[in-house]
Amino acid sequence: MSLKKITLDNHEVVCQSGETVLDALLREHIDIPHACREGACQSCMIRSLNGPPPIAAQNGLKDVLRHQNHFLACLCHPQEDMVISLSPPADFFNEATVTGKELLNSETLLLTLHSEQPLDYYAGQFVNLRRADGLTRSYSIANNRIHTHKLTFHIRRLSGGRFSEWAHRELNIGDTLSVSDPQGLCYYLPNQPEQCMLLIGTGSGLAPLAGIISEALHHGHSGVIHLFHGSREVDGLYWIDEMQQLARQYANFHYTPCVSKGDAPAGFAAGRANDVAISLLPSLKGWRVYLCGHPDMVNQTKRQAYLHGASLQDMYADAFHVASATLD
C-alpha cells in the first residue's frame, strides 16, 4: 500500500503502509480522543471532508453518521489522501427573511423563513438562528427538504426566554435573521423504506418529527409509522387535525395524541406519550425510533425502547429538544 497524506487543520501527516489514521496521528503527537483501538468505544470518530472514507472504517456507526462521512480512525487504513476534521465545520450563516408568523397554540409559534441561499438539509436536523445582536438559539426544521429556500420552526415561548419571548412579541414579517448550516443526526434517510418507525414527541418536539414523517411519506416509505405526541393538557398539543388527516390519507401512518393530566377526551390517549407508545407497541425489534422532547422523557424512552427490543443503533434524538420545563 502506498503512502497516503492525512491533512488535519494545519497538520499534514503521512500514513505509512499498514498504519491506521489513528496510528499516524498519534505517532506525530497529534492529540485525538481514543481508547479501545478496536472500533468498539467509537471515541476516535472523526469526519472525512474530501469524500467517503473506507467502508470498513465505518463499521458499527449509525447510518446517518456514515452518510455524513464519519469514520473511526482506529479502523481506517486510508485508500486515498484524506482531509479530516475532529470537530464540526465552523458555522456558516445565510440571511433569511421572516415570511410568516402563526400561533399553533397559545405558547407555540410557527415561524416561516425564506433563505436567500438554498440549504441542503434533512428533515429533523436543526439550525442556529441568530438575531442582529448576536443572540443565538437552536431550533429544529419542521418541513421536509424539498423546500430548499423555505424553513419552518415551532418556537415555544419559555418564561424568561430571551429569544423565544422576542420571537413571539417583537419579530415581524420582513425582518431578517441569520441561519446556520444544518446540523444534527436525528433525521430520515430513505435507505430502509420497509422499516417500521416509532416517533415520540412532547410539546414543540413535534417540529422535527413532523418533518421526518413528511419526508418519509414523500419518499413512499412503506413500513408502519406511529406518531405519539404528548402534553399535560389538550391545549399543549397542536396540528391535531392535520395529523389526523394525514392518518386518513396514508394507511401506514398512525397518530395518537396523548394527555398526561386528567381525563383524556375521545380520540386521545391518557398518559405520557412514551408510556402509551410502549404499552401499545410492546415489541420494537427492528424498529427505528425518533425521540424529541424533554431530556428526561428522551432518556427514559431510550431505556424503555431498548428493553422492548429496539437497537441503540436505531434510536435517534437530539439533546436540545426541550419541549417544556417538566416531563409531559
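**Overall fold, two buried polar residues and the cysteines**

The secondary structure of the chain adds up to seven helices and 17 strands. The model is a predicted one, so everything below is read off computed coordinates. For 328 residues, a compact globule would come out with a radius of gyration near 20 Å, and the chain's 21 Å agrees with that. Along the principal axes, the C-alpha atoms fit in a box of roughly 70 × 50 × 35 Å. Buried residues account for 51% of the 328 in the chain. As for contacts between residues at least 6 apart in sequence, 68% of them bring together residues at least 24 apart. The chain exposes about 15,100 Å² in total, and carbon and sulfur atoms contribute 50% of that area.

Two polar residues are worth a look, starting with His-221. His-221 sits in the loop that runs between α4 (206-218) and β13 (225-231). Despite the loop setting, His-221 is buried, its relative accessible area being 5%. Its side chain makes a polar contact with the side chain of Tyr-188, at 2.9 Å. Tyr-188 also turns up among the residues in contact with His-221 once neighbours within four places in sequence are set aside; the others are Gln-192, Pro-193, Gln-195, Met-197, Ala-216 and Asn-252.

Next comes Asn-105, which belongs to strand β6 (residues 93-105). Asn-105 counts as buried too, with 12% relative accessibility. A polar atom of the Asn-105 side chain lies 2.8 Å from the backbone nitrogen of Thr-108. The same side chain reaches the backbone oxygen of Asp-235 at 3.5 Å. Beyond neighbours within four places in sequence, Asn-105 is in contact with a run of residues made up of Asp-235, Gly-236, Leu-237 and Tyr-238.

That leaves the cysteines. Searching the whole structure for disulfides gives zero. For Cys-258 the reason is distance: the closest cysteine sulfur, in Cys-292, is 15 Å from its own sulfur, which is too far for a bond. Cys-292 is in no disulfide either, and its nearest cysteine sulfur, that of Cys-186, is 4.2 Å away; the cut-off for a disulfide is 2.5 Å. Both of the cysteines just described are tucked inside: Cys-258 is buried at a relative accessible area of 0%, and Cys-292 is buried at 0% as well.

Note on methods: Residues numbered from 1 in each chain as written. Predicted model: local features only at pLDDT ≥ 70, side-chain atom pairs only at ≥ 80, totals over all residues. Heavy atoms only, no water. Buried < 20%, exposed > 50% of the residue type's maximum accessible area, 1.4 Å probe, protein only. Helix = DSSP H or I, 4+ residues; strand = E, 2+ residues; numbered from the N terminus. Polar contact = N/O pair within 3.5 Å; in protein donor to acceptor, adjacent residues only side chain to side chain. Contact = heavy atoms within 4.5 Å. Rg over C-alpha atoms; globule rule 2.2 N^0.38 Å. Areas by Shrake-Rupley, 256 points an atom, 1.4 Å probe, with all protein chains shown as cover.
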